[in-house]
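Here is a short report on one protein chain. Keep the sequence and the 3D view open as you read.

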Amino acid sequence: TTVPSNTNTNVRFQNEDHDTDGIFTPGTTSTAMIIPTGVTQIQLITHLELNGGLLNGGDSYICRFTNNNAFNYIGSNFEERYFDVHGAINYTVNMVSPILTVAPGNTMRVSIRQNTGSTILPIVFSNSKSWFQMIIMG
């Protein structure tokens with residue numbers, strides 16, 4: 001996934017490993033996990049490995065979970081990183097949501113926004129080290 005500067009971009013995932021409820025469909029909804037019928041509470045976890053490329057002081061990245069593409073909802077959270085120095089940066093993001101109340105059909109995503117001024121940064125590493133997980137709580 002490449003992320004243009006100052007644009008919210010949903011992270012695209014390429015495959016699934018333990019999807020027993022049809023929550024994720026590679027190629028069709030490869031940025032979203034869709035809440036199935038009967039589910040009312042979930043928890044989201046993600047690990048992203050980002051290639052930040054060349055950064056300037058004051059550049060930042062914001063990673064967030066979205067619910068139906070909304071950033072502000074009860075339980076929303078994010079990780080934001082500011083960089084004070086110029087140089088090549090690779091970094092990891094680990095985020096865990098609180099338990100979220102959801103409705104069937106809601107789409108849950110990981111979104112990234114950055115302000116480097118470049119249209120090619122960051123790139124989520126495509127070496128299968130980045131992942132997105134939904135735990136069904138009830």
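## The chain as a whole

Of the 138 residues in the chain, 46% are buried. This is a predicted model. The accessible surface of the chain is about 7200 Å². Carbon and sulfur atoms supply 50% of that surface.

What is the secondary structure of the chain? It has ten strands and zero helices. Written in sequence order, the pattern is β-β-β-β-β-β-β-β-β-β. Now look at the contacts with a separation of 6 or more: 76% of them join residues 24 or more positions apart.

## Strand S8 and its partners

Start with strand S8, which covers residues 107–114. Is S8 largely enclosed or not? Seven of its eight residues are buried, so the rest of the structure largely encloses this strand. A residue counts as buried when its relative accessible area is under 20%.

Several strands pair with S8. Strand S1 (residues 9–10) runs antiparallel to S8, and two bridges join them. In this pairing, Thr-9 faces Ile-112. Strand S2 (residues 33–34) is also antiparallel to S8, again with two bridges. Here Met-33 stands opposite Met-108. Strand S4 pairs with S8 over seven bridges, in the antiparallel sense. Opposite Val-110 of S8 stands Phe-65.

## A cluster of rings

Phe-65 also takes part in ring pairing. The chain has two aromatic pairs. In one of them, the ring centres of Phe-65 and Phe-132 are 5.9 Å apart and the planes meet at 20 degrees, so this pair is stacked. The cut-off for stacking is an angle under 30 degrees.

Which parts of the chain does this pair link? Phe-65 belongs to strand S4 (residues 59–67), and Phe-132 to strand S10 (residues 131–136). These two residues are 67 residues apart, so the pair links distant parts of the chain. Phe-65 is buried, because its relative accessibility is 0%. Phe-132 is buried as well, at 11%. Add Phe-13 and you have the full cluster: ring pairs link Phe-13, Phe-65 and Phe-132.

Another ring has a charge as its neighbour. The charged end of Arg-64 sits over the ring of Phe-71. The distance to the ring centre is 4.1 Å.

## His-47, a buried residue

Find His-47 in strand S3 (residues 41–55). Is His-47 buried or exposed? It is buried, because its relative accessible area is 13%.

Which residues does His-47 touch, leaving out those up to four places away in sequence? One group is Thr-92, Val-93 and Asn-94; the other is Lys-129, Ser-130 and Trp-131. With Asn-94 there is also a polar contact between side chains, at 2.6 Å.

## Arg-12, an exposed residue

Arg-12 lies in the loop between S1 and S2. Its relative accessible area is 52%, so Arg-12 is exposed. The cut-off for exposed is over 50%.

Which side chain makes a polar contact with that of Arg-12? The partner is Ser-30, at 2.5 Å. Ala-32 is another residue to locate: it is 20 residues from Arg-12 in sequence. In space, the two C-alpha atoms are 8.1 Å apart.

How values were computed
Residues numbered from 1 in each chain as written. Predicted model: local features only at pLDDT ≥ 70, side-chain atom pairs only at ≥ 80, totals over all residues. Heavy atoms only, no water. Phe/Tyr/Trp six-rings, centres within 6.5 Å; stacked < 30°, edge-to-face > 60°. Helix = DSSP H or I, 4+ residues; strand = E, 2+ residues; numbered from the N terminus. Buried < 20%, exposed > 50% of the residue type's maximum accessible area, 1.4 Å probe, protein only. Lys NZ or Arg CZ within 6 Å of the ring centre and 35° of its normal. Polar contact = N/O pair within 3.5 Å; in protein donor to acceptor, adjacent residues only side chain to side chain. Contact = heavy atoms within 4.5 Å. Areas by Shrake-Rupley, 256 points an atom, 1.4 Å probe, with all protein chains shown as cover. Pairing = 2+ DSSP bridges.
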